[in-house]
Amino acid sequence: MYCVDLNSDLGESFGAYTIGMDSEVIPLISSANVACGFHAGDPTVMGKTVALCKENGVAVGAHPGYPDLQGFGRRNMNVSPSDAKALMTYQVGALDAFCKANGVSMQHVKPHGALYNMAGKDEKLARAVCEGIYEYDPTLILLGLSGSCMLKAAAEIGLPYAAEVFADRAYEDDGSLVARTKPGAMITDEDEAVERVIMMIKEHKVKTISGKVIELCPHSVCVHGDSPKALAFVSKIRAALLHEGIAVKNITEVVKEMN
């Protein structure tokens, strides 16, 4: 039987600014990546998001990013490995405080935006990210792009990891995500997204932006919570998964079954 985790990046509202439809999306997913206040989110939002996840039985993970509220963490930054490691420890620890206050255990850590993409290709940065997580709690699962440097670094230091694929992003031939600045980077058609997700799960393959078919490992499927179509995407994808006999389970359960 096939199974997969369905995750979304959430808790990205800040002060008077509301981003995403968290209360509608959370009941439909199995794992949530909660912003930790650097690229988005704030202490109040973090606490409310964790509480909402607990209420709906959704596993909680930290979503740390670069200190870049204005750029939503999507601008590349020149950060040393030691600083990147400290950024991870700081943000993961902050969200874990809210998890403990709500009586839930943190499941995973998924870096955000530019940090995620840069660490996917930079071995030193990837190692720093993984060390920051491992030294805080070696049982946390790193959620990273399938085939990326982050997953390799996690394996090398003994940090549990899960491979992530994207429902709403296009892929380059090397398995990286197409930069948002390029045409065609975002998948906006709901039916196309569903078709791609089913192919990734059942065949472990995806068609790149150039038309090439590459292989990947799908432990978890991400739908971005800040997308205007986030709710529609998550609803359709979840319904399609169940129709195809693909069970939706959190990352911990999926990794156990697939490994």
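Leaving aside neighbours within four places in sequence, Glu190 is in contact with Lys229, Ala232, Phe233 and Lys236, where contact means heavy atoms within 4.5 Å. Before going on, note that this is a predicted model, so local features need pLDDT of at least 70, side-chain atom pairs count only at pLDDT 80 or more, and totals for chains, interfaces and linings use all residues. Residues are numbered from 1 along each chain as its sequence is written, and side-chain values use heavy atoms, with hydrogens and water left out.

Back to Glu190, which sits in helix H7 (residues 190-203). Helices (H or I, at least four residues) and strands (E, at least two) are DSSP runs, numbered from the N terminus. With a relative accessible area of 19%, Glu190 counts as buried. Here buried means under 20% relative accessible area, exposed means over 50%, and partly exposed is in between (1.4 Å probe, protein chains only).

Now look at how H7 meets helix H8 (residues 230-243): their axes come within 10 Å and cross at roughly 45°. Because of that angle, H7 is oblique to H8. For the angle classes, under 35 degrees is roughly parallel, over 145 roughly antiparallel, 65 to 115 roughly perpendicular, and the rest oblique. The axes themselves are lines fitted to C-alpha atoms, for helices over the stretch in contact, and the angles run from 0 to 180 degrees between N-to-C directions. H7 passes H8 in a right-handed crossing; that is, the near helix is turned clockwise from the far one by less than a right angle, while anticlockwise would be left-handed.

On the H7 side, Glu190, Asp191, Ala193, Val194, Val197, Ile198 and Ile201 make the contact, and they meet Ala232, Phe233, Lys236, Ile237, Ala240 and Leu241 of H8. Sorted by class, that contact has 10 nonpolar, no polar and 3 charged residues. In this sorting, Ala, Val, Leu, Ile, Met, Phe, Trp, Tyr, Cys and Pro are nonpolar, Asp, Glu, Lys and Arg are charged, and the others, Gly among them, are polar.

Just past H7, His204 lies in the loop between H7 and strand S7 (205-207). Its phi is near 55°, a positive value in a residue other than glycine. His204 is partly exposed, at 31% relative accessible area. Phe72 also has phi near 55°, again positive in a residue other than glycine. Find Phe72 in the loop between strand S3 (59-63) and H3, where its relative accessible area of 14% makes it buried.

A second helix pair is worth a look. The axes of helix H5 (residues 123-136) and helix H6 (residues 149-157) come within 8 Å and cross at roughly 50°. That makes H5 oblique to H6, and the crossing is right-handed. From H5, the contact draws on Glu123, Ala126, Arg127, Val129, Cys130, Glu131 and Tyr134, and from H6 on Cys149, Met150, Lys152, Ala153, Ala154, Glu156 and Ile157. Those residues divide into 9 nonpolar, no polar and 5 charged.

H5 and H6 turn up again around H4. The buried residues of H4 are Gly113, Ala114, Leu115, Tyr116, Ala119 and Gly120. They pack against H3, H5, strand S5 (141-145), H6 and strand S6 (161-166).

On to the charges. The structure holds 14 salt bridges, each a side-chain nitrogen of Lys or Arg within 4 Å of a carboxyl oxygen of Asp or Glu. One of them joins Asp9 and Lys110 (3.0 Å, N to O). Asp9 is in strand S1 (residues 3-10) and Lys110 in the loop between strand S4 (106-109) and helix H4 (113-121), 101 residues apart. Both Asp9 and Lys110 are buried.

Lys85 takes part in a salt bridge with Glu131 (3.8 Å, N to O). This pair links helix H3 (residues 81-101), home of Lys85, to helix H5, home of Glu131, across 46 residues. Lys85 also meets Glu135 in a salt bridge (2.8 Å, N to O), linking H3 to H5 across 50 residues. Lys85 is partly exposed at 22%, Glu131 is partly exposed at 24%, and Glu135 is exposed at 55%. Lys85, Arg127, Glu131, Glu135 and Glu156 are linked in a network of salt bridges.
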